[in-house]
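Where do the charges sit in this chain, and which of them pair up? Start from the structure below and follow the charged side chains from the surface inwards.

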Amino acid sequence: MKKLLFYLKGYKKESILAPLFKCLEALFELFVPLAVAQIIDVGMAENGGDKKTVFLMCGVLIALGIIGLVCAICAQFFAAKAAVGVSEKLRSSLFSHIQSFSYSMTDKIGTSTLITRMSSDVNSVQTGINMFLRLFMRSPFIVFGAMIMAFTIDVKLALIFAVTIPVLAIVVFAIMLVSIPILKKSQSRLDGVVGKVRGNYGGTRVVRAFNKEQDEITEFDEKHDALTKIQIFAGRISALMNPLTYVIINFAVILLIHFGAIRVNSGNISQGELVALYNYMSQILVELIKLASLIITLTKAMASARRISDIFDTPSDTPRVSEKDEADVDNSVCFENVSFKYSETGDAAISDVSFSVKKGQTVGIIGGTGSGKSTLINLIPAFYAPSSGSVFINGKNTALYDKNELTDIVGIVPQKALLFKGTIRSNLLWGNENATEDELWEALSLAQADGFVKEKDGQLDEPVAQSGRNFSGGQRQRLTIARALVKKPQILILDDSASALDYATEASLRKALKSLNYAPTTFIVSQRTSSILHADTIIVLDDGMVEGIGTHEELLENCEIYREIYRSQFPEEVSSK
């Protein structure tokens with residue numbers, strides 16, 4: 001929570017002026033009952049009254065109203081400025097912190113949770129700050145100010161105020177203490193609903209293809225019902241605020257009128273003073289209703305603030321331990337007894353993997369679904385840290401590399417071809433923001449993408465929709481390959497990134513990669529043996545274990561798993577042999 005207060009430092013002036021103007025508004029409001037009392041006692045006296053006093057006090061009431069309105073507008077302006085400014089900085093810092101998370105940390109927290117923190121939780125904090133700056137001083141100022149003014153009118157009747165206010169405070173804070181944990185639980189349930197919606201919308205085509213709409217609706221309804229029930233429960237507790245405060249205040253009003261009438265009859269106070277006391281009690285009622293609303297809003301904001309603070313308290317990455325600092329510098333990539341688990345209690349995704357790759361070599365990685373191919377190549381740029389063993393790049397343990405340094409060395413084309421909203425040019429510049437137009441076209445040519453890009457009206461400036469929806473699967477893959485080639489990395493990783501390409505286009509791509517003048521070390525992950533036949537080294541994985549390492553010919557002779565994969569794809573060639 002203290003970390004979040006840091007964001008208010010840049011808005012000290014607004015944080016002072018907003019409540020100050022609200023207190024000025026409240027101060028002028030406290031004079032209203034006195035003006036009304038003057039109208040009743042002097043302007044409307046039994047002996048004919050004083051019309052000048054009536055007009056004068058009416059003018060005072062109008063002036064108090066105008067001044068109060070100006071103060072309220074100023075307070076709203078400064079409160080809104082501070083709240084929006086804080087939320088903008090908070091959201092920006094939160095986004096930056098989330099961007100620093102490792103793959104494992106993002107997997108652990110969950111994407112839907114992070115989206116909720118960035119959106120509804122930050123909005124809740126913004127609303128809480130706005131309401132807090134406007135009302136946190138005004139409401140107590142009115143409540144205690146009205147009690148003090150009551151004592152200036154009549155001490156005995158003012159004792160009713162002195163008893164009523166503590167009772168109201170106990171009710172308000174008791175409800176707040178009960179509400180906070182329930183609202184926090186409600187926000188957690190909201191994460192589940194957001195996650196379900198996000199997953200469903202992301203897989204709409206699959207859901208419809210398997211006619212699972214009704215199942216998805218049922219599952220969503222279950223999560224939504226759970227959220228609704230806890231929100232209703234929280235709402236019922238919060239709803240107790242108004243009736244309880246109304247009962248207490250109205251009971252106090254009854255006592256005030258009863259004993260006030262007795263004191264008016266005895267001549268201890270005037271009718272106008274009794275009306276003023278009633279008005280002060282009414283002001284307290286109005287402010288307590290506002291305070292109740294403020295408490296509910298602040299309770300939600302505090303629950304959201306704690307959730308945001310939890311994200312800030314989450315370390316960007318798990319500490320990486322270097323079992324061995326250096327290896328043979330002649331090797332571009334080296335794995336030494338590497339094992340990895342996605343969770344501490346889960347099974348190993350890969351186990352005891354060891355191999356080394358010389359600089360400039362092409363390495364093929366093949367295996368069945370779930371054999372650990374993507375896991376293995378994600379350890380190279382240190383997206384994940386090994387559970388045991390060491391990974392070396394250019395002879396240096398990846399645990400000792402700065403993240404930016406690794407990013408400069410490794411260029412990766414992920415399994416899912418993802419483009420960002422913008423243009424083809426803006427997407428390619430992710431690889432190298434200083435790349436020239438010639439370098440962009442060169443990368444497109446190498447990736448076999450220049451043909452369809454030239455056919456577009458905008459060419460490099462052709463718009464790209466979110467996730468690249470306006471391009472086919474093969475076009476997206478070639479553009480993501482071009483994005484990585486713009487970078488000219490020392491190590492190029494293609495994670496099954498040519499699966500949507502036809503054989504001819506894929507063959508042209510492999511030929512182009514071989515012709516690269518800077519000779520990167522290339523890792524090609526594929527389900528097709530045709531994609532890795534000519535690799536210098538092929539690594540065969542099965543259930544996270546290395547079952548064979550060698551050339552295509554060596555593996556056909558010595559590795560049963562590779563032979564089965566090859567036989568399933570080229571049955572005629574194998575049978576002829």
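A patch here is built from residues with over 30% relative accessible area and no salt bridge, with like charges joined within 9 Å. Asp and Glu count as negative. The model is a predicted one.

With that in hand, look at the surface. Asp 347, Asp 542, Asp 543 and Glu 547 form a negative patch. Glu 547 belongs to strand S12, which covers residues 545-550. Its relative accessible area is 40%, so Glu 547 is partly exposed. Asp 543 sits in the loop between strand S11 (537-542) and S12. Asp 543 counts as exposed because its relative accessibility is 61%, and exposed means over 50%. The backbone at Asp 543 also deserves a look. Its phi is positive, about 55°, although Asp 543 is not a glycine.

Ala 382 shares that backbone feature. Its phi is positive too, at about 65°, and Ala 382 is not a glycine either. Ala 382 lies in the loop between helix H13 (373-379) and strand S4 (388-393). Is Ala 382 buried or exposed? At 15% relative accessibility, Ala 382 counts as buried, because the cut-off for buried is under 20%.

Now turn to the paired charges. The structure holds 14 salt bridges. Three of them are followed here, beginning with Lys 22 and Glu 25. Lys 22 forms a salt bridge with Glu 25, and the closest N and O atoms are 3.1 Å apart. The two side chains are also joined by a polar contact of 3.1 Å. Where do the partners lie? Both are in helix H2, 3 residues apart, which is about one turn of the helix. Helix H2 spans residues 12-30.

How accessible are these two side chains' residues? Lys 22 has a relative accessible area of 9%, so Lys 22 is buried. Glu 25 has a relative accessible area of 14%, so Glu 25 is buried as well. The pair is also part of a wider arrangement. Lys 22, Glu 25, Glu 29, Arg 138 and Glu 287 are linked in a network of salt bridges.

The next pair reaches across the chain. Asp 154 and Arg 263 meet through their side chains in a salt bridge of 3.1 Å, N to O. This pair links distant parts of the chain, with the two positions 109 residues apart in sequence numbering. Asp 154 is in the loop between helix H7 (138-153) and helix H8 (155-202). Arg 263 is in helix H11, residues 241-265. Asp 154 is buried because its relative accessible area is 7%. Arg 263 has 17% relative accessibility, so Arg 263 also counts as buried.

A third salt bridge joins the side chains of Arg 425 and Glu 437, at 3.4 Å from N to O. This pair, too, links distant parts of the chain, though the residues are 12 apart. Arg 425 lies in helix H15 (residues 424-428), and Glu 437 lies in helix H16 (residues 437-446). Are these partners buried or partly exposed? Arg 425 has a relative accessible area of 22%, so Arg 425 is partly exposed. Glu 437 is at 42%, and therefore counts as partly exposed.

Two uncharged positions round out the tour. Gly 145 is found in helix H7. Its relative accessibility is 12%, so Gly 145 counts as buried. Gly 145 and Tyr 280 are 135 residues apart in sequence, and their C-alpha atoms are 9.0 Å apart in space. Ala 417 lies in the loop between strand S6 (410-413) and strand S7 (422-423). Ala 417 counts as buried because its relative accessibility is 16%. From Ala 417 to Asn 378 the sequence separation is 39 residues, and the C-alpha to C-alpha distance is 16 Å.

Go back once more to the charges. The negative patch includes Glu 547, and Glu 547 is partly exposed. The bridge between Lys 22 and Glu 25 has a buried lysine and a buried glutamate.

Key
Residues are numbered from 1 along each chain as its sequence is written. This is a predicted model: local features need pLDDT of at least 70, side-chain atom pairs count only at pLDDT 80 or more; totals for chains, interfaces and linings use all residues. Side-chain values use heavy atoms; hydrogens and water are left out. Patches are made of residues with over 30% relative accessible area and no salt bridge: like charges are joined within 9 Å, nonpolar side chains (Val, Leu, Ile, Met, Phe, Trp, Tyr) within 5 Å. Accessible areas come from the Shrake-Rupley method with a 1.4 Å probe; for residues, only the protein chains shown count as cover. A salt bridge is a side-chain nitrogen of Lys or Arg within 4 Å of a carboxyl oxygen of Asp or Glu. The place of a charge is taken as NZ of Lys, CZ of Arg, CG of Asp or CD of Glu. Helices (H or I, at least four residues) and strands (E, at least two) are DSSP runs, numbered from the N terminus. Buried means under 20% relative accessible area, exposed over 50%, partly exposed in between (1.4 Å probe, protein chains only). A polar contact is a pair of N or O atoms within 3.5 Å; within protein, one must be able to donate a hydrogen and the other to accept it, and residues adjacent in sequence count only if both atoms are side-chain atoms.
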